[in-house]
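Reader: I'm new to this, so could you take me slowly through the place where the two protein chains meet? I'd love one joined-up walk through that part.

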There are 2 protein chains.
Amino acid sequence: MVRSRRVTLQDVADAVGLSVNTVSRALAGKSQVSERTRDTIRAEAARLGYVPNSHARSLVSGRTMVIGLVITNPSNPFYAALISAVEQRCRRSGYSVLLLVTEESEANEGEAVQQLLTYGVDGVIAIPVQHNGDSWSRLVAAKIPVVFVSRDLPDFGFDFVGIDAEAGVAEAVERVAAGIDRAWLFEEDLRISTTEARIAGFRRALDSSGIDQQRSLVIKVQTRRAAGASQPWRPDDAHQMAANLITAQNHPDLIVAGNDYFALGILKALRECGLSVPGDVLLVGYGDHPFAAYLDPALTTLRLPAEEVGTTAVDYLLERVADPSSPRRTQLLRPELVERGSSRRSA
Amino acid sequence: MVRSRRVTLQDVADAVGLSVNTVSRALAGKSQVSERTRDTIRAEAARLGYVPNSHARSLVSGRTMVIGLVITNPSNPFYAALISAVEQRCRRSGYSVLLLVTEESEANEGEAVQQLLTYGVDGVIAIPVQHNGDSWSRLVAAKIPVVFVSRDLPDFGFDFVGIDAEAGVAEAVERVAAGIDRAWLFEEDLRISTTEARIAGFRRALDSSGIDQQRSLVIKVQTRRAAGASQPWRPDDAHQMAANLITAQNHPDLIVAGNDYFALGILKALRECGLSVPGDVLLVGYGDHPFAAYLDPALTTLRLPAEEVGTTAVDYLLERVADPSSPRRTQLLRPELVERGSSRRSA
DNA sequence: TCCGTCGACATGAACGTTAATGTTCATCGG
DNA sequence: CCGATGAACATTAACGTTCATGTCGACGGA
């Protein structure tokens, strides 16, 4: 039951017959210590298995070398890749990652912020649950730097790194627009900046391509995300919706899916109606999930630079930690259109 | 540049004209404080925006209310779901999660353990990178409880929660074995306990089903995992391998894939040979990724209870934190065979 | 020789909290 | 009326660091 007490600086100091302070400076690599004693101290510390106590350290230094990473849902492949990238980049700079999951719930987000405050993290990278304001303002008050990722809430003035979903979707639609008369967009029913950006891109491309807005449609798919399901956007939701709306007689020439899972469900609905892709309907996804290239037909989709988003966010954050007064930075990274069979007329 | 000093207990104490200690006890809900003063203190603390400093707290209490979560790769959907489940369960019990990613590298694993030690986490949930020993023994020495997840290293005597991959694969093979003459298993080339369990289950089922081991095959697919790619097991690797081995003339009756991504690549290779699934070859995956049900044909696969693994691991860990002397516990959860079109002879 | 300088170390305080131990004062039974 | 009791608070020390400041001796220049 006796938790074996950790080896402290005092223990090392006693062992070498010096003061705690000298040992501290020696191990920190500071001056005012002769090389000979430094070596002795290093050896003794290693022998005793000394490990610094980060809590004591941050209590006095005011820095924790921990950043908070607030994610809505790690099962979203894009966010999973983001987590990886952020963790790696942080580790490279000596920072650790405290992970908070909000499941799209404002209540959880509030608790997460509370945790971040009691922890006194040096900075935060967050995917905000939108529509609310008060949680994040507490971090502003505490002067803890925040970088928003993927979704922006410009009111707080935090740095932001995201995806230019509008340009991506617009490019995709324009690219395949030839001969299109009616286009549908299946979008998740969440009022977050990314869905709105995709819708805007979709509409813009319809206009620029001379496709009649009246004959086109934006369909909001209710998903079980908010319910805290561990899986994001299951294909089922989109499948149901598509199956209800699409018949062999009545269907668009082009369907854009707000994410690749939706595309999966829509593809199934189309098959069930006896409609062929790309013969009768062109299909474009979003996200380039690993399976996209292996569907039949292979799915045309937008590849998101998850890794670059993550590393850029960390870079922004650490630079701001170093210099809090630097001006706000914002970056939108372009997704890359990956054209495959599902959008090729010739096929 | 002046980091606005946090509100401390002292500040609250000064505001209400009481001692720090009384304020501490009042907010902690301990006795020795009258209800009236407790209310005053609570109100004042809220007004000033007092947030406890977890570092000061854990410095004196010796507990951190943080657990370490060591994951090889968050982009693996099973692990992503695991992260979600662990974080939720921890949060419910007042614990936070420090996330460390090892990318299957022993060096990273060593650094992760170092971090866990300096952080003084209360416990660790880890997917170990196998073949090495020394990192984990440091946690044993520090008396920090560990629960291994998904892959076991029994030597350390840590609690373990995993998947009974052997039974799962054996059941799957036995279930579809009727009329099978030759079966192949595509497995990842990593010497970890789960791949070995799947191989064992595969072999056992061949025997029990009277299928000739000589005519069957276990194929090791080299993947780019260890290289630190953010995507795990890309379908490409299995696709290449399958394309090299399979011809219309020479193919097995049944293919089992070590994971659903492999199944995706194999399916493509079969299509390219003009072989039909399930007509010519039956195909069984592993993992029940979200796309599995939406392939054409829908993929028969094993559904893994990721959430249950995660919550059980947390429960084991917290119980051990409470009572370090309790005996070692081990649990293997059964995957569930989800039969779909890819294994149905009738289709 | 004496004083100033500088390197190499020690001492003390502080970070914000909790726990152990003191202090004060009203109350109450005898 | 007096001592015991206990509620309600205060005081002090500790947790393991780091930082500012203090000390001491050797060394060099005049």
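Author: Sure, let's start with the contact itself. It takes 47 residues from chain A and 47 residues from chain B, where two residues are in contact if their C-beta atoms, placed from the backbone, lie within 7 Å.

Before going on, a word on the model: it is predicted, so local features need pLDDT of at least 70 and side-chain atom pairs count only at pLDDT 80 or more, while totals for chains, interfaces and linings use all residues. Residues are numbered from 1 along each chain as its sequence is written, and chains are lettered from A and ligands numbered from 1 in the order in which they are written.

Now look at chain A's side of the contact. The elements giving two or more residues to it are H4, helix H5 (77-92), strand S2 (96-101), helix H6 (106-119) and helix H11 (260-272) of chain A. (Helices are DSSP runs of H or I with at least four residues, strands are runs of E with at least two, and both are numbered from the N terminus.) H5(A) brings the largest share, 8 residues. Sorted by class, this side has 23 nonpolar, 16 polar and 8 charged residues. Here Ala, Val, Leu, Ile, Met, Phe, Trp, Tyr, Cys and Pro count as nonpolar, Asp, Glu, Lys and Arg as charged, and the others, Gly among them, as polar.

Next, follow strand S2. S2(A) is joined to strand S2 (residues 96-101) of chain B by 3 bridges, and the two run antiparallel. A:Val97 has B:Leu99 as its bridge partner, and A:Leu99 has B:Val97. Two strands pair if DSSP finds at least two bridges between them.

Step back and you'll see an open sheet of 12 strands with mixed pairing, in the order S11(A)-S5(A)-S4(A)-S3(A)-S1(A)-S2(A)-S2(B)-S1(B)-S3(B)-S4(B)-S5(B)-S11(B). Its edge strands, each pairing on one side only, are strand S11 (330-333) of chain A and strand S11 (330-333) of chain B.

Finally, how do the two copies relate? Chain A superposes on chain B by a rotation of 180 degrees with 0.1 Å of shift along its axis (RMSD 0.2 Å); the fit is by least squares on the C-alpha atoms of residues with pLDDT of at least 70 in both. The two copies are therefore related as by a two-fold rotation axis. The same surface serves both of them, too: 100% of the contact residues of chain A recur in chain B.
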